[in-house]
Amino acid sequence: MSIEVGLLILESVLLVATIILLVLSIKEGRGRNALLVEVERATRILTRHEYFFTVTDSMLEAKEEIIGCITGRPPVGDDEKRIRDVISSIEKVKRTGVRVRYILPKFHDRLRIGYLYTKAGAEVRYSSRPLVYDIRYTVVDDRLVVIGVPETTGEREATKKGYRIPSEGLAAILKEHFYSCWEENITYEEYVRELLSQPGATPKQFARELQIDEEELKRVISAS
């Protein structure tokens, strides 16, 4: 075997080895990226879960008042259980005499949360203020704040994580914001009547679309 042939064979072997290493590297990179995506997804679920847990846990510490400015988005998937936990917390604190009030954005699809929270004993009002669409917080007894943070800016973005902040100063600022909105906005029942006064709107239609008891809607209308 000549030197030229030997070198050619060696180059061929090295080329094949390089190709194999390149393919393995690409597969490893894809696997690593897939793993990072899964970890990120798990982290998002965990932080959102922790946010709702923190809200419900903080609510149970209340002695006098809970106020909140929330998105009121229709629950989907795991959010159904989280909303049930919030409703359970409202019912528990109401039995001890705590006042619970929420402001929601004035979107018709937020009516279901208003209905559920009102049924549990909370007072609910709807606001058309732009700031209310993007901010979300819960204040407990003028001393504890839980702030929700969306992944991106937007009135319809879900809360992805949150912060629990024991601060009387921040609680006072948010409480002032809350009541400046509260006094000028409409109640849950007023919003129901406003929506059902639209041409072609019926209790049956809204009950089906928003998963609200039809008799509840009829009750609100008859109470006007």
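A disulfide is a pair of cysteine sulfur atoms within 2.5 Å. In this predicted model, a search of the whole structure finds zero disulfides. The sulfur of Cys181 has its closest cysteine sulfur in Cys69, at 6.3 Å, which is too far for a bond. The converse also holds: for Cys69, the closest cysteine sulfur is that of Cys181, 6.3 Å away. Cys69 has a relative accessibility of 0% and therefore counts as buried. Cys181 is likewise buried, with a relative accessible area of 0%.

**Overall organisation**

The chain comprises 224 residues, of which 38% count as buried. Eight helices and seven strands are assigned to the chain. Among contacts with a separation of 6 or more, 69% come from residues 24 or more positions apart. The chain exposes about 13000 Å², and carbon and sulfur atoms supply 57% of that area.

**Helices H2 and H5**

Two helices can be checked for their span. The expected figure rests on 1.5 Å a residue, and in each case the distance between the end C-alpha atoms agrees with it.

| Helix | Residues | Number of residues | Expected span | End C-alpha distance |
|---|---|---|---|---|
| H2 | 79–95 | 17 residues | 24 Å | 25 Å |
| H5 | 168–182 | 15 residues | 21 Å | 20 Å |

Which residues of H2 are buried? They are Asp79, Arg82, Ile83, Val86, Ile87, Ser89, Ile90 and Val93. These residues cover an arc of only 155° around the axis, and so they lie on the same side of H2. Arg84 and Arg95 are exposed, and they are found on the other side of H2. After the helix comes Gly97, whose phi is positive, near 90°.

In H5, the buried residues are Ala171, Leu174, His177, Phe178, Tyr179, Cys181 and Trp182. Cys181, described above for its sulfur distance to Cys69, thus belongs to this buried set of H5. Three further members of the set, Phe178, Tyr179 and Trp182, are also joined by ring pairs into a cluster.

**Aromatic pairs**

How many aromatic pairs does the structure hold? The structure holds five. In one of them, the rings of Tyr51 and Phe52 have centres 5.4 Å apart and planes at 80°; planes over 60 degrees apart count as edge-to-face, so this pair is assigned to that class. Tyr51 and Phe52 are both buried.

The rings of Tyr126 and Tyr191 are also paired, with centres 4.6 Å apart and planes at 40°, so this pair is tilted. The pair links distant parts of the chain, since Tyr126 and Tyr191 are 65 residues apart. Tyr126 lies in strand S3 (residues 123–127), whereas Tyr191 lies in helix H6 (residues 188–196). Is Tyr126 buried or exposed? Its relative accessible area is 1%, and Tyr126 is therefore buried. For Tyr191 the relative accessible area is 3%, so Tyr191 is buried as well.

Conventions: Residues are numbered from 1 along each chain as its sequence is written. This is a predicted model: local features need pLDDT of at least 70, side-chain atom pairs count only at pLDDT 80 or more; totals for chains, interfaces and linings use all residues. Side-chain values use heavy atoms; hydrogens and water are left out. Helices (H or I, at least four residues) and strands (E, at least two) are DSSP runs, numbered from the N terminus. The expected span of a helix is 1.5 Å times one less than its number of residues. Buried means under 20% relative accessible area, exposed over 50%, partly exposed in between (1.4 Å probe, protein chains only). The arc is that of the directions from the helix axis to the C-beta atoms. Rings of Phe, Tyr and Trp (its six-membered ring) pair if their centres lie within 6.5 Å; planes under 30 degrees apart count as stacked, over 60 as edge-to-face and the rest as tilted. Contact means heavy atoms within 4.5 Å. Accessible areas come from the Shrake-Rupley method with a 1.4 Å probe; for residues, only the protein chains shown count as cover.
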